[in-house]
Structure formats: structure tokens, C-alpha cells
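Work through the exercises below with the structure open. Each task is followed by its solution.

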Amino acid sequence: MVPWLAQLLSEKEAFSFLRVGEYITVRAACALVVAFLISIAFGDRTISWLRRLKVGQQVRDSKGDNAISLLDMHANKVGVPTMGGVLMIASVLGAVILLGDWTQPVLGLAIAMALGFAAIGFVDDYRKMVHKNSDGLSARKKLLAQSSLAAIFAIMYISIYKGLVSYQHAGMTGGDVIVFPFVKDWAFSLGLWYIPFAIVVLAGTSNAVNLTDGLDGLATGVTISATLCFGLVAYLAGRVDASSYLIIPHVRGAGELAVLMAAVIGACFGFLWFNSPPARVFMGDTGSMMLGGVLGAVALLLKQEFLLLIVGGVFVMEALSVIIQVSFFRWKKRRVFLMTPIHHHFERAGIPESQIIVRFWIVSALLALAGLSTLKLR
């Protein structure tokens, strides 16, 4: 809306100053502020609404090899309103509708994935609240829904919108191109194999963020670092000169993804206002899957899927801890960690929750800086 109005009114000399609204950097900064203010303005109302719906947090009673269960450690969290992800979605949408340029297909694709994965998370949360258990949607149904969304995304990107991507250094175009950090000569066209590749990236990212969402503000803070990094990459990838200099794929309209990432950061800051310890609300699967979905989609759109492994290293660590735990237990009938995801392992080890959260934030920020450094180390 703002880009259209800025372009329309700036044609008149009296309103030429409004041309500033066409700049991506200005709109991104405004999107962050707008999303934050929407969260703050509607946070208390959303929490009250969720309390009236009686959608309180359920904690699984898992003991593992220790006498102290997860329920014992998080007894104070039982009953705290969850599904607060609806506030994050509203904040992001409000900011992007106002400040995004919807003529760019990449923005629509990313928003579609955010809403699609949020819908899966919402159904999962709803089932948990209705049936009063911590299982929610079955893993098979959840993975099927995630895979279907990712497949639709991939098919659209490699067919309808394949002309959005060009990798000048390798002389390649198309949404099915993949590139690698640290090297400038490795670029491949996956063809139809891009579909399962996109499924792995999107489903993996959304589930990894979901697993990280176990302590007050943990997933939110880690997401802020990763999203800030991809916002900067999006801005650079949208510029022909910058993408050529850094030897990264140029994606037409990618600057709008920077606006989206800024809106996500603002929504995360706003949500953290209410989610900081002791949390008054949890994002639930509605929020965590939305964050994972939009982050995975942006990584795919920018052709920076492998960068996501570095920048999202905390998410990777959380997911790997679960995979290792389950696999080793099936093999040896013993556990590697005291409890998974790994943040619960550190809890069991006696480290205070607040220390775990801040240390994970620090690691995430360092990984984001490391990820940005790969843009020139090629």
C-alpha cells in the first residue's frame, strides 16, 4: 500500500518528499516498528481472549532416566495461555500489507508459506486444547501437510516463477538452482529433484523451530538473529550490483523479503515483550511453525538453503539432539542426553532456564555473523 501511494503522490511536486516511501530500507525499518506496535497494542487483549478460551499450556510428564519430570520443572507454566502465535501472524500481516510491494511474487510466496504452516500449527494446538493432551496432530498427518505445502511451493517456484532467479557467475537461471557457501563454482540445477529438496528444507525448518520453542523466549530470540541475517541477504540479493559483487544469486523482488523479515523481527520483539520470563503467553505450534515456515521459504527463495544450516545452527542442534536420542535409544536402549530437545538436557543438568536462554541467544547471534561472512568468503 505505502509503495503504491508513495509512487502515486510523489509524481506531484508538492508531495515529492513521499518518494522516500519507495525505498526498501525505509519500508523495512517502518515494518519492524509497525509489527512491534501492533503486538504491543493487541498483546493484552489477545492474552485475555486466549484465557477466556481456556487454551492453557499442557506439559508432558516425561521423566526419562531422571526422577525429575518435565512437568516438575515446568509446573509454573501449566495453564499459561498458548496459541499466542496468532498475535505474531496478525502483526506480520498488518505490517506487510501496509508496507510491502505485493506486485512482487516472492512476497506472496513467502506469506503463503507462513500462513500455511501457521494453519498446520493452529490445528495441532487446537487438538491439544480440545483433547487436553500434549500430543496434538499426529506426526504422520503433520508431516503430510507440511510436505504438501512445500511441494506446492516448489512446483510454483520452478515453473510459474522460474524467471525470478539468475546466478550470473554460473550463467544459470531458474528456481531449481542451488548454490553453496564458501565456494563460487558449485551451482547445480536440481530439476524435479528440487521438490523433495524443498520439502526437506521447509518441513525440517518448521519442525526444528517448533522443537526449539520449549523455554520462555528461546525460539523467539534465536529467530530474531536468523531473521535479521536473512533480511540483510534478501536486500543484497534483490540488487543486481550487490549480488554480482558478492557472487550470490540475484532474485528479482527479493528486497520485499527484507521488508517481510523486518516485520517478523518486529513481531518477535513484540511477542517477547509478553513471552519473556515468566511468560504470560506462549506462541504454541501456531507461532513456531509459522516462523519456521517463513524462514525456510525465504531461504529457498533466496537460494541460500545451506546458509540456513549455519545461521539456524541452534535449530539444527535442537533437531539433531532429538534424532540422536531416538536413534540411539532404539539401537542401545540407552539415552545420550538427559532429555531432549537439548535445552531440556541443560535444564536437567541444573543450569537455570534464564542462563540457557541467553546463552543460546548468544550462540545464535554468533552463528548469524558467521553466516554473513560466507557471503564474501567464496
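**Exercise 1.** Explain how far apart along their helix Phe 153 and Tyr 157 stand, then describe their ring pair and its burial.

Solution. Phe 153 and Tyr 157 lie 4 residues apart in helix H6 (residues 139-158), so about one helical turn separates them. Helices (H or I, at least four residues) and strands (E, at least two) are DSSP runs, numbered from the N terminus. Next, take the rings: the search of the whole structure gives 8 aromatic pairs. One of them is Phe 153 with Tyr 157, a tilted pair with 5.9 Å centre to centre and 40 degrees between the planes. Rings of Phe, Tyr and Trp (its six-membered ring) pair if their centres lie within 6.5 Å; planes under 30 degrees apart count as stacked, over 60 as edge-to-face and the rest as tilted. Finally, both Phe 153 and Tyr 157 are buried. Buried means under 20% relative accessible area, exposed over 50%, and partly exposed in between (1.4 Å probe, protein chains only).

The model is predicted: local features need pLDDT of at least 70, side-chain atom pairs count only at pLDDT 80 or more, and totals for chains, interfaces and linings use all residues. Residues are numbered from 1 along each chain as its sequence is written, and side-chain values use heavy atoms, with hydrogens and water left out.

**Exercise 2.** Describe the pair formed by Phe 328 and Trp 331.

Solution. The two rings are edge-to-face, 5.8 Å centre to centre, with 90 degrees between the planes. Phe 328 and Trp 331 are both in helix H13 (residues 313-332), 3 residues apart, about one turn of the helix. Phe 328 counts as partly exposed because its relative accessibility is 23%; Trp 331, at 62%, counts as exposed. The charged end of Lys 332 sits over the ring of Trp 331, 4.5 Å from its centre (the criterion is NZ of Lys or CZ of Arg within 6 Å of the ring centre and within 35 degrees of the ring normal).

**Exercise 3.** Work out the strand order of the open sheet of 3 strands, and find which strands stand at its edges.

Solution. The order is E2-E1-E5, with antiparallel pairing. Strands E2 (172-173) and E5 (250-251) are at the edges; each has a single partner strand, so one side of each lacks a neighbour in the sheet. Two strands pair if DSSP finds at least two bridges between them. Strand E1 (residues 165-167) is joined to E2 by 2 bridges, and Tyr 167 has Met 172 in E2 as its bridge partner. Strands of a sheet pair through backbone hydrogen bonds, either parallel or antiparallel.
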